[in-house]
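Trainee: I would like to go through this model with you and ask, term by term, what justifies the words we use for it.

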Amino acid sequence: MDLLFQPAEVQNKRWNHLRKILERSGPFCPPNFTASTETLEFMLNTCKILVIGAGGLGCELLKDLALMGFRDIYLIDMDTIELSNLNRQFLFRRADIGHSKAYRAAAFVNSRVPGCTVTPYFCKIQDFGAGFYRQFHIIVCGLDSIVARRWINGMLISLLEYEDDGSVDETTIIPLIDGGTEGFKGNARVILPGMTACIDCTLDLFPPQVSYPLCTIANTPRLPEHCIEYVKIIQWPKENPFGSDIALDGDDPQHITWVYEKAQERANTYSISGMSYRLVQGVLKNIIPAVASTNAVIAAACATEVFKVASSCCEPLNNYMVFNDSDGIYSYTYEAEKKPDCLACSQVPRSIEVEDPSAMTLQDLIRHLCDSVDFQMKSPGLTATINGKNRTLYMAAVKSIEEATRANLTQSLSELGLKDGQELMVADVTNPTAILIKLKFQSNEVEMA
């Protein structure tokens, strides 16, 4: 029976299961927990939760959080609903195809859970600034993008304030609960920015991105994926019908259709079968097949951690849980360690060792920032102070600046005037703020020895 039509006495007992936890003390309660009616009141009427992502994991999260008693929920998702989503994203119906996931998911929950208000935003997380994110008590992620995870991680770190002794002001910490699934595997983690390991501290835990040798996709393609990569890497920059300054967007149906048609032509030339629109989208967005049961388990774990953090009724996860049900059910937890020189959360600039500054070009440095496990950037832009003047070395994001700085790519670091110990400001889509990186020339050490 829908809760809206239940008798008043039934609705009054609606939160009895939570009262048994929040209004009683028990052996598993941490020292800072005080049994009180105020905690439930905070959850119901004050606590603001932001859910990022309304896909397979996001739908489960919204359902769990709403039924758990969180009434003020905000939702961000930039995608629209597709037919293939309906087998696991249960908040959507066939009539929703083509519409915003955020708006339809919010409407579904608002209509089914009385008292709960989900406020949707059909946009990218990058469309909001610090003031928007500062209003939330807890942020929960159900994302399929490492770049988006790193960006929100960087945003929450940028909101931190510090005491005179260098310690983090705990009142400025916004906990981040992150969940992820890959087939029958999943993980849930609790991140306290500035205190525990953040997303960038554990970049090496993410599965490596699938890549194909350029010589294969250009000369001897054997798979439909090779044809798609060829169009993406080679044909799009040359033949882009949407404008030379428009980046390929895996969420734009027009872009996907163009890539699909070109990839199909190439596949036909080499007698390669198996090409499909869905495969093109999967390759462009690096989509990993999802399993509904795994989403449900990980979302439940994340929602439980939100409840523990919001109420302090139990110690939260410390701080990483791994789940695997591909062959039976197996899970374990461990504490991911904070990286002393983390690119995002440490206060120390990350150093890059350069063996020979006269041989290493700016293009080599940028390639290192993209390929290195420690950095994993996408399209870094670099600026530096050289001879007292602030200088943009390279920036691909702005066409006019890219054209003006393109010649720098083939110059060595020495030719650009960069010195040992030089500090570079690096901007990238993986972080909302620029990152400070210091160059360390090994040749100097050799000469001194």
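Mentor: Let us start with a single residue, keeping in mind that this is a predicted model: Arg-266 lies in helix H10, which covers residues 253-269.

Trainee: Why is Arg-266 said to have no salt bridge?

Mentor: A salt bridge requires a side-chain nitrogen of Lys or Arg within 4 Å of a carboxyl oxygen of Asp or Glu. For Arg-266, which is buried, the nearest side chain of opposite charge is Glu-239, at 9.4 Å, so the criterion is not met.

Trainee: Which residues does Arg-266 touch, leaving aside those up to four places away in sequence?

Mentor: Arg-266 touches Ile-217, Ala-218, Asn-219, Pro-221, Cys-227 and Tyr-230.

Trainee: What makes the 48 residues of the largest nonpolar core a core?

Mentor: The term applies because such residues are buried, belong to a set of types running from Ala to Cys, and are joined through side-chain atoms within 4.5 Å. Those with the most contacts inside this core are Ile-49, Leu-62, Leu-65, Phe-70 and Val-140, and helix H12, residues 292-311, gives the most to it, with eight residues. A second, separate core has 37 residues, including Trp-151 and Cys-345.

Trainee: How do you know that the protein chain is as compact as a globular protein of its length?

Mentor: The radius of gyration is 25 Å, and the globule rule gives 22 Å for 449 residues, which is close, so the description holds. The chain has 15 helices and 13 strands, and 46% of its residues count as buried.

Conventions. Residues are numbered from 1 along each chain as its sequence is written. This is a predicted model: local features need pLDDT of at least 70, side-chain atom pairs count only at pLDDT 80 or more; totals for chains, interfaces and linings use all residues. Side-chain values use heavy atoms; hydrogens and water are left out. Buried means under 20% relative accessible area, exposed over 50%, partly exposed in between (1.4 Å probe, protein chains only). Helices (H or I, at least four residues) and strands (E, at least two) are DSSP runs, numbered from the N terminus. Lys and Arg count as positive and Asp and Glu as negative; His and the chain ends are not counted. Contact means heavy atoms within 4.5 Å. The radius of gyration is taken over C-alpha atoms; the globule rule is 2.2 Å times the number of residues to the power 0.38.
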